[in-house]
Structure formats: C-alpha cells, structure tokens
Amino acid sequence: MNYISTRGFADKTNFSGTVLTGLASDGGLFMPSRIPVFSEANLRAFSRMNCADVAFCVLRAFAPEIATRAIRKMIQEVYNPRVFTNAIDGNNSAVMPIRELSKDRYLLEISNGPTLSFKDVALQLLGLLFEYVLCGKSLNILGATSGDTGSAAIHGVLGRKGIKIFMLHPLGRTSPLQAAQMCSVISDQVFNIAIHGTFDDGQAVVKSIFGDAEFKQKYNLGAVNSINWARVAAQVVYYIYASTHVVKDVRRDFVDVAIGAGNFGNTISCIIAKRMGAPIRYITAATNSNDMLHRVTQTGIYRPSKEVIVTASPSMDIQGASNFERYVHLLTNGDSERVRTLYDNLKHEGEYDISDLLQTMRDEGFSSERVSEGECFQTMQDVYKSDDYMLDPHTSVGVCAANRKREDGVPILIPVTAQPCKFDIDVEKNLGVKAPRPASLVGIEDLPQKYIEVDPDPQKVKEIIEMNA
Ligand SMILES: *Cc1c(COP(=O)(O)O)cnc(C)c1O
C-alpha cells in the first residue's frame with residue numbers, strides 16, 4: 001500500500017516510511033492512497049473478535065509490507081491485559097471494555113494504559129513499530145504535547161533500543177500529574193523541554209524543525225504527534241472494534257459516535273473507520289471553549305484564533321487541529337493541489353475557506369458541538385448521579401455533545417479519553433469526592449523532576465537536540 005502526502009509533493013512511501021518520517025517533506029500529512037474497505041463478512045467476524053485480533057486485521061490492511069508474524073507479535077505485546085488494566089479496580093478482563101450508561105450511551109474505556117489517557121494504545125504500539133522499523137539504527141523523537149501525548153510517548157519508547165525522545169510541553173499549562181508523569185522519568189533517553197508558551201507554540205516549533213530537511217536528516221528525527229500515520233492507524237481499531245461489538249450486542253444497524261476533540265487525531269481515526277465500513281452513522285467532534293473546529297464546520301472558514309483559552313480540559317486547548325488537513329484531503333477526494341493552496345492561504349493569511357465542502361461533511365454524517373465549561377461540569381455531575389460513573393473533563397465534553405445528539409434507541413459511543421484522576425482537582429471540585437488513583441501514581445508529584453526550560457524558539461530547541469542526540 002502506498003502513502004501519499006496530503007499536499008502531493010512528497011515522495012510516496014509505505015507504512016514503515018510513514019512511521020519514520022512523521023510529517024511529509026512538503027509539510028503535508030501522509031494518507032493511504034486508497035482507504036481499504038472491509039466486507040460485510042469481515043465486519044461480522046470483527047464483532048466476535050477480541051480487540052487484539054481486530055487490531056491485527058486493521059494493521060495488516062494498512063501495513064502489508066510488515067511480516068505477519070512481526071505484526072502479530074507487536075499486537076500481542078500491546079493489546080494485552082498486562083499493559084491495559086483498569087487501574088482502579090484491577091479488572092483486566094478486556095483491554096478496551098465497553099461500558100453501558102443510561103440512555104443508550106456507551107463508553108469506550110480506552111484509557112487503561114500506563115499513563116491513563118487513550119493515547120497509550122497508539123503510543124505503546126508506535127514504540128514497538130519504531131524499534132522494528134529501525135532495525136538497530138538510532139532515532140531522535142521530537143514532539144509537542146499539551147500533556148497526555150508526552151507522557152504516553154515517553155512511556156511508549158522507554159527501554160526501546162536506539163531511541164531518544166525530546167518532548168516539548170507548555171510550562172504550567174498541563175495538570176500537575178501530567179507534568180509529573182513526564183518529568184519524573186529520569187533517563188538518558190528522555191529530554192523534557194518546558195516552553196514559555198502554549199501547546200500551539202510548541203507544535204509550531206516542532207513543525208518548523210521538521211521543515212528543516214537537513215537538520216531532520218542529520219539527527220534522524222521521528223515524530224510521535226498524531227501527525228504520525230501509525231497513531232491514526234492504531235486508533236482506527238477502537239472504532240471498528242467498538243462499533244461492530246455494540247451493533248451486534250444491541251441488534252442495531254449502526255452506532256453514532258461523539259468524541260472530545262483537540263488535534264483531531266481521534267476524530268479522523270473514527271472518520272477513517274467509518275470509510276472502511278464500520279457501522280457508524282453520525283460522528284460528532286466536540287470542542288471545549290477553544291472552538292476552532294466547531295467554527296469551521298459551521299462557517300467553512302478554518303481560522304485558528306491567536307488566543308488559547310485555558311479550560312479544565314487542557315488536552316483540548318488547541319486552536320490549530322493538525323489532523324483536520326487529513327479530513328480536507330478526504331473531502332476533496334485527494335485533491336492535493338487544493339490542499340496545498342488552502343494551507344498556503346493559512347500560512348499567509350491566517351485562514352482558509354472550505355465552505356463548498358460543508359455539504360459533503362454533512363452528507364457523511366460529520367458535525368461538531370461546542371461545550372462550555374459550565375456544561376462540561378454539569379455533565380460530570382449528571383453522569384455521576386445517574387450512573388455512578390466519574391468522567392474526566394475531556395470525556396465529559398464528549399458525553400455532553402452525545403447528550404445533545406442522541407436519539408432514543410440509537411446507541412451512541414463516547415471514548416473515555418482520560419481517567420478522572422489525571423484531572424483530579426476539577427473532578428473533586430465538581431463531584432465532591434476524590435478520583436481514585438492507581439497505586440503506581442500515588443505521590444508522583446513529589447518525585448524529583450527533570451526538564452529544560454526555554455522560549456518557543458526553533459533555534460533554542462535545535463541546540464538542545466544537538467547537545468544531547
Ligand atoms: C489528546 C486528548 C484529547 C484530544 O484528542 P485529539 O486526538 O488530539 O483530538 C482529548 N482528551 C484527552 C484526555 C486527550 O489526551
């Protein structure tokens with residue numbers, strides 16, 4: 001299978017190439033040249049498989065050049081109850097449990113990995129993929145995080161041979177637990193870089209460094225942000241697995257999905273799962289007060305605002321949603337010239353216009369909702385009362401959108417994007433009780449932390465890489 005850049009100028013590559021390259025050389029993101037579609041018989045079979053077996057089938061479709069035995073081995077290592085165990089009650093009967101709430105709402109519990117956000121699933125796999133594809137060569141991973149990708153990526157590559165990781169996070173804008181999960185990892189593989197700025201500033205630095213082809217080549221830079229296709233591929237699994245299982249269990253033809261969105265990686269994975277045949281009808285991306293994604297689906301104008309509003313769901317405090325470019329590529333039927341023009345406009349004028357594509361979006365069932373802080377908190381309280389279930393603020397944004405969109409008798413899936421204890425201050429403020437923490441994280445904020453503090457300046461970050469790679 002070939003992968004092409006959304007902007008059309010980069011050389012095409014295979015799955016392993018996308019793993020190592022991250023961002024394409026023309027600034028675009030990799031997409032499969034053709035999205036594989038599963039047959040009805042495949043989908044029926046998936047509804048009876050565990051998620052490791054579904055993951056195997058999905059990844060084999062995306063990475064035909066990787067030996068079947070190698071994929072099988074990686075999958076067994078990742079989609080494994082030893083890695084994904086409910087941290088609180090120790091239940092490890094299913095790696096991705098689906099929990100039914102009242103009113104046809106189904107939570108997909110994908111945050112039971114080592115760092116308690118959904119990002120663990122993809123990043124545990126990515127760590128193994130890097131090691132496999134590198135075959136003993138060395139790699140320096142460079143990424144920016146709003147909190148969860150960083151810790152999940154660090155734990156995904158820790159102990160993997162030949163890999164170092166340089167991770168930018170916005171100083172003081174992550175939760176204290178998130179910062180501790182990154183910065184308390186003291187290892188000569190790991191370089192935490194705390195920048196004076198926002199996630200978007202960090203992402204801009206990373207993109208700029210990846211844009212320097214010579215530097216990138218010299219230090220063999222790799223990406224772990226959701227610009228990396230392998231992460232999207234790994235996340236497609238959630239939606240194929242969960243939709244086929246729920247559809248079978250409740251004997252319906254389809255499910256709806258609502259997703260708390262930031263960089264749009266989780267949402268694009270769901271859209272791709274749908275295009276691969278997963279029985280999904282409507283997909284709703286839910287934003288917090290940082291509502292750029294919602295504005296683009298309302299007006300067709302993609303215009304990141306300059307200001308990022310600090311909310312209780314910091315992993316969604318994002319204005320420029322990188323993976324939306326993949327959706328534009330799909331919506332234009334792979335018109336890379338159009339994508340290139342749009343992203344040139346974004347660069348020079350700060351916005352682009354896709355109002356002609358809004359109807360296509362609606363036709364395929366995609367829409368968005370904006371959820372205020374008050375609504376997010378109210379939803380946390382409501383679900384705690386009605387279902388005795390603690391939501392973290394990010395998941396709550398998704399559930400709030402699901403409440404607006406749901407129809408009686410139609411199951412709606414919402415991914416649990418983080419465990420409530422990651423954001424325990426807001427959980428306790430709203431629910432009046434402390435979110436339980438797994439033993440491994442008790443007191444982690446008190447451990448010594450190591451990080452380098454700098455301004456969001458590509459040159460400064462390059463110097464750190466030069467010194468430590
Ligand atoms: C990363 C993250 C999100 C946003 O996901 P995207 O794939 O970036 O849209 C939402 N909630 C939590 C807890 C996250 O860590």
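This report looks at where the ligand sits in the structure and at the hollow spaces found in the protein. Keep in mind that the model is predicted.

**The ligand and its neighbours**

Let's start with the ligand. What surrounds it? There are 15 residues around the ligand, and the ones that come nearest are Lys119, Asp148, Gly262, Asn263 and Asn266. If you sort this shell by class, you get five nonpolar, eight polar and two charged residues.

Some of the atom pairs between protein and ligand are worth finding on your screen. Here are three of them, side by side.

| Residue | Protein atom | Ligand atom | Distance |
|---|---|---|---|
| Asp148 | polar side-chain atom | oxygen | 2.4 Å |
| Asn263 | backbone N or O atom | oxygen | 2.8 Å |
| Thr417 | side-chain N or O atom | nitrogen | 3.0 Å |

So much for single contacts; how much of the ligand's accessible area does the protein cover? On its own the ligand has 380 Å² of accessible area, and the protein covers 97% of that.

**The cavity that holds the ligand**

Now zoom out a little. The structure holds four cavities of 30 Å³ or more, and the ligand sits in the largest cavity. That cavity has a volume of about 270 Å³.

Which residues lie nearest the centre of this cavity? They are Phe118, Lys119, Gly262, Asn263 and Ser315, out of 28 residues that line the cavity. You have met some of these names already: Lys119, Gly262 and Asn263 are also among the residues that come nearest to the ligand.

As for the wall itself, helix H6 (148-157), helix H10 (229-250), strand E9 (255-260) and helix H11 (265-275) each give at least two residues to the lining. H11 makes the largest contribution, with three residues. By class, the lining of the largest cavity splits into eight nonpolar, 17 polar and three charged residues.

**The largest pocket**

There is also a pocket to look at. The largest pocket has a volume of about 890 Å³, and 31 residues line it. Try picking out Gln203, Ala204, Lys207, Leu346 and Lys347, the lining residues that lie nearest the pocket's centre. Two elements give two or more residues to this lining: helix H8 (199-210) and helix H14 (336-349). The largest share comes from H8, which supplies seven residues.

What is the class make-up of the pocket's lining? Here you'll find ten nonpolar, eleven polar and ten charged residues. For the cavity with the ligand, remember, the counts were eight nonpolar, 17 polar and three charged.

Note on methods:
Residues numbered from 1 in each chain as written. Predicted model: local features only at pLDDT ≥ 70, side-chain atom pairs only at ≥ 80, totals over all residues. Heavy atoms only, no water. Near = heavy atom within 4 Å. Polar contact = N/O pair within 3.5 Å; in protein donor to acceptor, adjacent residues only side chain to side chain. Areas by Shrake-Rupley, 256 points an atom, 1.4 Å probe, with all protein chains shown as cover. 1 Å grid on protein atoms, 1.4 Å probe; cavity = no way out; pocket = protein on both sides within 12 Å on 5 of 7 lines; lining within 4 Å. Sits in = over half its atoms within 2 Å of the grid points. Nonpolar A, V, L, I, M, F, W, Y, C, P; charged D, E, K, R; others polar. Points joined across faces, edges and corners; volume = space filled by probe spheres on them. Helix = DSSP H or I, 4+ residues; strand = E, 2+ residues; numbered from the N terminus.
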